[in-house]
Each structure stands twice: as C-alpha cells, then as structure tokens.
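Biologist: Thanks for sitting down with me. Could you take me through this one, contact by contact?

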Amino acid sequence: QKEALEPIRAANGVAAETFERLTRQNYAVLGDFINFAVEAARLPAKATDYSEFLAKQMETARAFGEQAVRRSQEYVEIVTAFQATAQATAKAAVQTPAAKAKAA
C-alpha cells in the first residue's frame, strides 16, 4: 500500500507547495491593491492644485499598472514551475512501477 500511495503523496506535496505559493502571491496582490487604494485616497490632500492632482493620479495608476504586470508574470512563473514539477512527478510515478516490473 505504501508503494501504491507514493505517487499520491508526491503529488500532494507538489499541490501543497503550489497552493502556498499562489496564496502568498494572492496576498501580495491584495497588498498592492490596498496600497494603491490608500494612495489614491490620499492624493487629493497631497496635491496643491488640480493639475498636480492629475499628474500624481496618473503616476500612481502607472506605477500600480507596472506592479500588476510584474505580479501577473510571477503568476505565470508559478504555474510554469507547477507544470514542470507535476509532469516530473507524474513521469516518476509511471516509471517506478514499470522499472520494478522489468526487474521482476
């Protein structure tokens, strides 16, 4: 039974690691949204006139957009790493019984 469940245990480890990475990534993205919202709320009080307000608003939105692009690239990296690890785990799970069957 232990040998039969080994591929499931390995897959569970991969899934748990990816879940943690995605959860931490989501937490970081939420922090980005909070930072953006707080900064946007403070802008009217920081600006001395309307043109300065618009300039700061555009800069804040641009910086947030750039951060969102970086975060989306990080999501792609997480998913790509998961795919590679899951494929390797599945391949090892298939090869192990086949190798044992040949040896027998």
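Modeller: Happy to, and one term comes up at once: a residue is buried under 20% relative accessible area, exposed over 50%, and partly exposed in between. Keep in mind that this is a predicted model.

Biologist: Lys-46 first, then: at 42% relative accessibility, which class does Lys-46 fall into?

Modeller: Buried needs under 20% and exposed needs over 50%. Lys-46 has a relative accessibility of 42%, so Lys-46 counts as partly exposed.

Biologist: Which residue forms a salt bridge with Lys-46?

Modeller: The search of the whole structure finds eight salt bridges. In one of them the closest N and O atoms are 3.0 Å apart, and the partner of Lys-46 there is Glu-39.

Biologist: How far apart in sequence are the parts that Asp-32 and Arg-71 tie together?

Modeller: These two form a salt bridge, with 2.6 Å between the closest N and O atoms of Asp-32 and Arg-71. Asp-32 lies in helix H1 and Arg-71 in helix H2, so the parts tied together are separated in sequence by 39 residues.

Biologist: And are Asp-32 and Arg-71 buried or exposed?

Modeller: The cut-off to remember is under 20% relative accessible area. Both Asp-32 and Arg-71 are buried.

Biologist: Which side chain makes a polar contact of 3.4 Å with Asp-32?

Modeller: The residue to look for lies in helix H2, residues 50-103. At 18% relative accessibility this residue counts as buried. The side chain joined to Asp-32 is that of Gln-67.

Biologist: Now the rings: is the pair of Phe-36 and Phe-64 stacked or edge-to-face?

Modeller: By the ring rule, the count is three aromatic pairs. For Phe-36 and Phe-64 the centres are 4.4 Å apart and the planes differ by 20 degrees. Planes under 30 degrees apart count as stacked, so the pair of Phe-36 and Phe-64 is stacked.

Biologist: What separates Phe-36 from Phe-64 along the chain?

Modeller: This pair links distant parts of the chain. Phe-36 sits in helix H1 and Phe-64 in helix H2, and the separation is 28 residues.

Biologist: Tyr-50 and Phe-53 also pair; which of the two counts as buried?

Modeller: The pair of Tyr-50 and Phe-53 is tilted, at 6.2 Å centre to centre and 35 degrees between the planes. Tyr-50, at 59% relative accessibility, counts as exposed. With 19% relative accessibility, the buried one is Phe-53.

Biologist: Last one: what is the accessible area of the nonpolar surface patch?

Modeller: One member is Ile-34, partly exposed with a relative accessible area of 46%. Together, Leu-30, Phe-33, Ile-34 and Val-38 have about 360 Å².

Technical notes. Residues are numbered from 1 along each chain as its sequence is written. This is a predicted model: local features need pLDDT of at least 70, side-chain atom pairs count only at pLDDT 80 or more; totals for chains, interfaces and linings use all residues. Side-chain values use heavy atoms; hydrogens and water are left out. Patches are made of residues with over 30% relative accessible area and no salt bridge: like charges are joined within 9 Å, nonpolar side chains (Val, Leu, Ile, Met, Phe, Trp, Tyr) within 5 Å. Accessible areas come from the Shrake-Rupley method with a 1.4 Å probe; for residues, only the protein chains shown count as cover. A salt bridge is a side-chain nitrogen of Lys or Arg within 4 Å of a carboxyl oxygen of Asp or Glu. Buried means under 20% relative accessible area, exposed over 50%, partly exposed in between (1.4 Å probe, protein chains only). Helices (H or I, at least four residues) and strands (E, at least two) are DSSP runs, numbered from the N terminus. A polar contact is a pair of N or O atoms within 3.5 Å; within protein, one must be able to donate a hydrogen and the other to accept it, and residues adjacent in sequence count only if both atoms are side-chain atoms. Rings of Phe, Tyr and Trp (its six-membered ring) pair if their centres lie within 6.5 Å; planes under 30 degrees apart count as stacked, over 60 as edge-to-face and the rest as tilted.
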